[in-house]
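Student: Could you take me through the aromatic rings in this one, and what sits around them? I'd like a close look at that part, with enough of the rest to place it.

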Amino acid sequence: MDQDSIFVGGGGPDYADAQGLLLKYANRHGLIAGATGTGKTVTLQILAESFSSNGVPVFLSDVKGDLSGLARAGTQEFKLHEAFTSRAKTIGFADYAYGAAPVTFWDLFGEEGHPVRTTVSDMGPLLLARLLELTDAQEGVLNIAFRMADEEGMALLDLKDLQALLVFVGESRKDLMLRYGNISTASIGAIQRRLLVLEGQGGDLLFGEPALELADILRTDTDGRGRISVLAGARLMQSPRLYATFLLWLLSELFEALPEVGDPDKPKLVFFFDEAHLLFDDAPKALVDKVEQVARLIRSKGVGVYFVTQNPEDVPEDILGQLGNRVQHALRAFTAKDQQALRRAAQNYRENPRFDTEDAIREVGVGEAVTSFLERKGIPGVAERTLIRPPSTQLGPLTAAQRAQVIAASPVAGKYETRIDRDSAFEILQARAKAAALEAEAAEAEEDAADLREREFRSARRYTGSGVGRSTSRTPKKRRGDTAAQAFAKSMARSLGTRAGTAIVRGVLGGLFKGR
């Protein structure tokens, strides 16, 4: 193969024709599809290895835990060693050798990798509404909350910030409705319940500081190889909406942060989106449109996005049409619907006169695929039955001890492990509540002192001349009770000892005493 391409496998009648992906067009995105057990994970693994060895950083999710083996070299003791070497010989892979790739492990839960976080503000209302599965009305309230945070200068870093702010919005809704329209307490309650569910699923670990710095997933190693960032996805997949939203947020951040580079000689980053159907299942049109926009424009930032899924139809047609590099493993056609999907998948390839593409997609074996890569000038290549090259890294997961060693030796070790909780919306509203409570107590104390002075004057215990009023009536003056605001402030301030009480007080008093 040329130096400016990566070797994927061998095609042709005897699998001797080298099939490769040109690095210059690797940012034109791609698709890896096929039924379960047909070899998609190994294809993802060999592509990650190849990009890394060519100095391209990679970000991928490890849904089944198998891809952690990228951090260790394969060995001759492995049971498939003979099969691997035989395949390498068949496809003309003369440079085949075992070797490890530089890997950084990440984990949203902080258990199998470095903690990875973002802030509520960075996530934004659109993606957060998608994560919480909000209705249009509820999403509107969420947008108002974000607007209020901006106007009040309150940072939204973690879930407790957002929960406190929603209480503040609820208590201030009468004033806010004149500017933003109806704010339903039912909508606020629904959002709060969804936040509690998200917190129970571990979503609170996603939000906070220190937040992930994009530079840490764009690293190259000391020898020039691109580092492979592996996101632990086994537990994350139990919350598929959280998984999809996080990866979409990361893709959006890359789109917004990276400069335009046009058509580089090789990508600045390659992003693999495994289980891609989770991104589009029940997604509102606004979100699909955003993904399409990002996919269309992010290639000019030097980022290649590769969707990994079972069926090409899992990806919307407008996005599917932008995926220039394709590796199609076997599709099974047991029903009429499956046969139609197979036929449509075959129609996405340039026909090869040597075989029928539809039959080839149905018949290819494990480790074999129908491939089509962009050629010179960005022209789609003809379909080719390709025997995928064997991996150089370990096939299968690392042990817990081996993973721990890789994490400890990581260039970002210790950077994200300690959580930081700086002043943000929660603390600002809490301070405002305490100040309001102290003000209420001071007003009450002053009123009590005035009442005491008046009683002493009336009972002739003290005379200064200043207590003489216009009336000579001896009727004692009624003691006034607390004002509604003062009584409420004192009552609610007593609940500051609990987290739930604190959240309520901050929001309520923030609205009542904002102007003081």
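Tutor: Let's start with a charge on a ring: R403 lies over the face of F105, 4.5 Å from the ring centre. There's a second case of this kind, with R235 placed over the face of F109 at 3.9 Å from the ring centre. Bear in mind throughout that this is a predicted model.

Now for rings against rings. The structure has 13 aromatic pairs. Take F93 and Y96: their ring centres are 5.5 Å apart and the planes meet at 45°, and since anything from 30 to 60 degrees falls between stacked and edge-to-face, the pair is tilted. Both F93 and Y96 are buried. Y96 also pairs with Y98, and here the arrangement is edge-to-face, with 5.6 Å centre to centre and 70° between the planes. So Y96 takes part in a tilted pair with F93 and an edge-to-face pair with Y98.

Is Y98 buried or partly exposed? Its relative accessibility is 26%, and because buried means under 20%, Y98 counts as partly exposed. Y96 has a relative accessible area of 15%, so by that cut-off Y96 is buried.

Elsewhere, rings gather into a group: F59, Y243, F271, F273, F280 and F307 make up one aromatic cluster. Two of those names come back when you turn to the nonpolar packing. The largest nonpolar core has 82 residues, and the members touching the most others are L128, F207, F271 and F307. Helix α8, residues 240-257, gives this core its largest share, eleven residues. Another core lies apart from it, with 32 residues, including L21, L47, V230 and V327.

F207 deserves a look of its own. Leaving out neighbours within four places in sequence, F207 is in contact with T118, T119, V120, M123, L128 and L131, among others. The list of F207 contacts also includes L157, D158, L159, L198 and R419. One of them, L128, is again among the residues with the most core neighbours.

To place all this in the whole chain: there are 17 helices and twelve strands, and 52% of the 516 residues are buried. Of the contacts between residues at least 6 apart in sequence, 77% join residues at least 24 apart. As for the outside, the chain exposes about 23,800 Å², with carbon and sulfur atoms supplying 50% of that.

Terms used. Residues are numbered from 1 along each chain as its sequence is written. This is a predicted model: local features need pLDDT of at least 70, side-chain atom pairs count only at pLDDT 80 or more; totals for chains, interfaces and linings use all residues. Side-chain values use heavy atoms; hydrogens and water are left out. Helices (H or I, at least four residues) and strands (E, at least two) are DSSP runs, numbered from the N terminus. Buried means under 20% relative accessible area, exposed over 50%, partly exposed in between (1.4 Å probe, protein chains only). Contact means heavy atoms within 4.5 Å. Accessible areas come from the Shrake-Rupley method with a 1.4 Å probe; for residues, only the protein chains shown count as cover. A nonpolar core is a set of buried Ala, Val, Leu, Ile, Met, Phe, Trp, Tyr and Cys residues joined through side-chain atoms within 4.5 Å. Rings of Phe, Tyr and Trp (its six-membered ring) pair if their centres lie within 6.5 Å; planes under 30 degrees apart count as stacked, over 60 as edge-to-face and the rest as tilted. A charge sits over a ring if NZ of Lys or CZ of Arg is within 6 Å of the ring centre and within 35 degrees of the ring normal.
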